[in-house]
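Open the model in your viewer and keep the sequence panel beside it, since each stop on this tour asks you to select something and then look at what surrounds it.

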Amino acid sequence: MGLGGIYEGWGQIVTVAIMAVALGMDAFSLGVGIGMRGIRLLHVLQLSLLIAFFHVLMPLLGLFTGSYVGHLLGQVTTYAAGGLLVLLGGHMVFNSFRRDDGGGSSRQMDHRTALGMLLISLSVSVDSFSVGVSLGMFVNSIILTVLAFGACGGVMSITGLLLGRRVSRSLGEYGEALGGAILLAFGLLFIF
């Protein structure tokens, strides 16, 4: 292997690392927002594992879908992810200011349920679908690349959830409103 091959290999590693961190940042920010609502350690582990799984699955699905369909859906997936975050964030802000009369009539999306975890994991992983479409063009090891995406997404979501959990203890009842505002802001950034 010549000097050019060494630089090419390192270039791929650096590119994959940057892409993995960029894709994991939305998992981190979402984790901070959810952690501010209050979350048990078991749910931190479950949600992080589900996010890591979808950070592996979505690029693989994108890879198999093909470049034409990925090009058509690339912008749609960004809008869908942004829309889900806006809905989650707006709902959290609304519920933080609404008083519960004890009747249990308020039904908010619960990050502890299987459906809630699935929707949250999908919302932060759907943008990796469009990244997966372009992976086959320049990356030699697809499996190692998507595993790096999954590991980075999982680690960053754990970090965000634990950080949000710690901050929520000091913010009290305003933690949910702040967490919702963070999700709302990131959702709007995705859309615009």
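The stops below go from the whole chain to its helices, its cores and a few single residues.

**The whole chain.** Begin with everything selected, and bear in mind that this is a predicted model. Colour the chain by pLDDT: the mean over the protein is 75, and 69% of its residues reach 70 or more. Now select residues 101–108, where the pLDDT is below 50, and where the model shows nine contacts beyond near neighbours in sequence. Switch to a cartoon view, in which you can find seven helices and zero strands, so that the pattern read along the sequence is α-α-α-α-α-α-α.

Next, show the surface, of which the protein exposes about 10300 Å², with carbon and sulfur atoms supplying 70% of it. Of the 192 residues in the protein, 41% are buried. If you display contacts with a separation of 6 or more, residues 24 or more positions apart account for 90% of them.

**The cores.** Which residues touch the most other members of the largest nonpolar core? Select Leu 30, Ile 34, Leu 47, Ile 120 and Leu 161, which do so within a core of 14 residues. The elements that give two or more residues to this core are helix 1 (3–37), helix 2 (41–65), helix 3 (67–97) and helix 4 (114–125). Another core, of eight residues, lies apart from it, and you can find it by selecting some of its members, including Val 16, Ala 20, Phe 149 and Met 156. As background, nonpolar side chains in soluble globular proteins tend to be buried together.

**Helix 1.** Move to Ser 29, which has its place in helix 1. Is Ser 29 buried or exposed? Its relative accessible area is 6%, and because this is under the 20% cut-off, Ser 29 counts as buried. Leaving aside neighbours within four places in sequence, Ser 29 is in contact with Ile 182, Leu 183 and Phe 186, so select these three to see what lies against it.

**Helix 2.** Select helix 2 and place a distance marker between its end C-alpha atoms, which are 36 Å apart; this agrees with the 36 Å that its 25 residues should span at 1.5 Å a residue. Several residues of helix 2 are buried, among them His 43, Val 44, Leu 47, Ser 48, Ile 51 and Ala 52.

Stay in this part of the chain and select Phe 53 and Phe 54, which form the one aromatic pair that the structure holds. Their ring centres are 5.4 Å apart and their planes stand at 70 degrees, so the pair is edge-to-face, an angle over 60 degrees being what that name requires. The two rings can also be told apart by their cover: Phe 53 is partly exposed at 46% relative accessibility, whereas Phe 54 is buried at 8%.

Then go to Thr 65, which also lies in helix 2 and is partly exposed, with a relative accessible area of 33%. From its C-alpha atom, draw a line to that of Phe 129: the two residues are 64 places apart along the chain, and these atoms are separated by 9.2 Å.

**Helix 4.** Finish with helix 4, whose 12 residues should span 16 Å at 1.5 Å a residue, and whose end C-alpha atoms are indeed 16 Å apart. Its buried residues include Gly 116, Met 117, Ile 120 and Ser 121, and Ile 120 is one you have already selected in the largest nonpolar core.

Conventions:
Residues are numbered from 1 along each chain as its sequence is written. This is a predicted model: local features need pLDDT of at least 70, side-chain atom pairs count only at pLDDT 80 or more; totals for chains, interfaces and linings use all residues. Side-chain values use heavy atoms; hydrogens and water are left out. A nonpolar core is a set of buried Ala, Val, Leu, Ile, Met, Phe, Trp, Tyr and Cys residues joined through side-chain atoms within 4.5 Å. Buried means under 20% relative accessible area, exposed over 50%, partly exposed in between (1.4 Å probe, protein chains only). Helices (H or I, at least four residues) and strands (E, at least two) are DSSP runs, numbered from the N terminus. pLDDT is the predictor's confidence in each residue, from 0 to 100. Contact means heavy atoms within 4.5 Å. Rings of Phe, Tyr and Trp (its six-membered ring) pair if their centres lie within 6.5 Å; planes under 30 degrees apart count as stacked, over 60 as edge-to-face and the rest as tilted. The expected span of a helix is 1.5 Å times one less than its number of residues. Accessible areas come from the Shrake-Rupley method with a 1.4 Å probe; for residues, only the protein chains shown count as cover.
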